[in-house]
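I opened a fresh page for this protein and set out to note what I looked up, entry by entry. The sequence and the structure come first, and my notes follow.

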Amino acid sequence: KVIQYKLVNSCSTVMTGRDIGSEIFPQAKHKFYLTAAVATRAKRRFEQLVKKDSTIKYEDVLKSMEERDKQDETREVSPLRIPEGAVVIDNSNLTVEQTVEEMLKHIKLSS
C-alpha cells in the first residue's frame, strides 16, 4: 500500500483492483466500477488461459470465477462492493476501447 500511496501522490495515476476505490483510495477524483456478466468474464478469462494451456475447460474457469466472486462479496475484511460515488459500467457487450471511451465521457462531464 505504501508504494501505491507514493505513486498517487507523485503524479496522475490510473489504478485497478477490487478494492482500490472503496478501501485504498476512497477519495479518488474519478472512480469506476467495471462489471460484466459472470459468463462473459469467464469467457474472456478462458480465452486468455487456453492460449497457455489447451487442456483448460471453460466450465472450470466459470466455476472458479463464481467461487471467487462469492468469496470476495462475503469476506469479512474489505468485501467487494461498489465504491461510493463510482460510475458503474457494465462492459458485457463492450470492447476494451468502448469501455475506455465510456470512462472518458464521464471524466469529461465531471471536469
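How much accessible surface does the protein have, and what percentage of that surface belongs to carbon and sulfur atoms? I found that the accessible surface comes to about 8,500 Å², and that carbon and sulfur atoms hold 54% of that area.

Entry on confidence. I noted at the outset that this is a predicted model, and I therefore looked up the pLDDT, which is the predictor's confidence in each residue. The average over the protein is 89, and 90% of the residues score at least 70. When I went through the elements, helix α1 (residues 2-10) had the lowest mean pLDDT, at 59, whereas α3 had the highest, at 97.

Entry on the overall build. I listed 5 helices and 2 strands, and reading along the sequence I wrote their order down as α-α-β-α-α-β-α. The C-alpha atoms fill a box of roughly 45 × 35 × 25 Å when it is taken along the principal axes. Of the 111 residues in the protein, 20% are buried. I also looked at contacts with a sequence separation of 6 or more, and 56% of these are accounted for by residues 24 or more positions apart.

Entry on charge. I looked up 19 positive and 17 negative charges in the protein, and the mean positions of the two sets are 5 Å apart.

Entry on S92. I located S92 in the loop between β2 (87-90) and α5 (96-110). Is S92 buried or exposed? I put S92 down as buried, because its relative accessibility of 17% falls under the 20% cut-off. I then followed its side chain, which reaches the backbone nitrogen of A37 at 2.8 Å and also makes a polar contact of 2.6 Å with the side chain of D90. Setting aside residues up to four places away in sequence, I found S92 touching T35, A36, A37, T40 and R44, so A37 appears in my notes both as a residue touched by S92 and as the owner of the backbone nitrogen that the S92 side chain reaches.

Entry on R45. I placed R45 in helix α3, which spans residues 38-49. I recorded R45 as partly exposed, because its relative accessibility of 37% lies between the 20% and 50% cut-offs. Leaving out neighbours within four places in sequence, I found R45 in contact with V61 and M65. For R45 and M65 I also noted the separation, which is 20 residues in sequence and 9.1 Å in space from C-alpha to C-alpha.

Entry on D69. I found D69 in helix α4. Which residues does D69 touch, not counting those up to four places away in sequence? I wrote down R18, V38 and R41. D69 is buried, because its relative accessible area is 11% and the cut-off is 20%.

Entry on S78. I looked up S78 in the loop between α4 (58-74) and β2. I marked its backbone, since phi of S78 is near 55°, a positive value in a residue other than glycine. S78 also counts as buried, because its relative accessible area of 15% is under 20%.

Definitions and conventions
Residues are numbered from 1 along each chain as its sequence is written. This is a predicted model: local features need pLDDT of at least 70, side-chain atom pairs count only at pLDDT 80 or more; totals for chains, interfaces and linings use all residues. Side-chain values use heavy atoms; hydrogens and water are left out. Helices (H or I, at least four residues) and strands (E, at least two) are DSSP runs, numbered from the N terminus. Buried means under 20% relative accessible area, exposed over 50%, partly exposed in between (1.4 Å probe, protein chains only). A polar contact is a pair of N or O atoms within 3.5 Å; within protein, one must be able to donate a hydrogen and the other to accept it, and residues adjacent in sequence count only if both atoms are side-chain atoms. Contact means heavy atoms within 4.5 Å. Accessible areas come from the Shrake-Rupley method with a 1.4 Å probe; for residues, only the protein chains shown count as cover. Lys and Arg count as positive and Asp and Glu as negative; His and the chain ends are not counted. The place of a charge is taken as NZ of Lys, CZ of Arg, CG of Asp or CD of Glu. pLDDT is the predictor's confidence in each residue, from 0 to 100.
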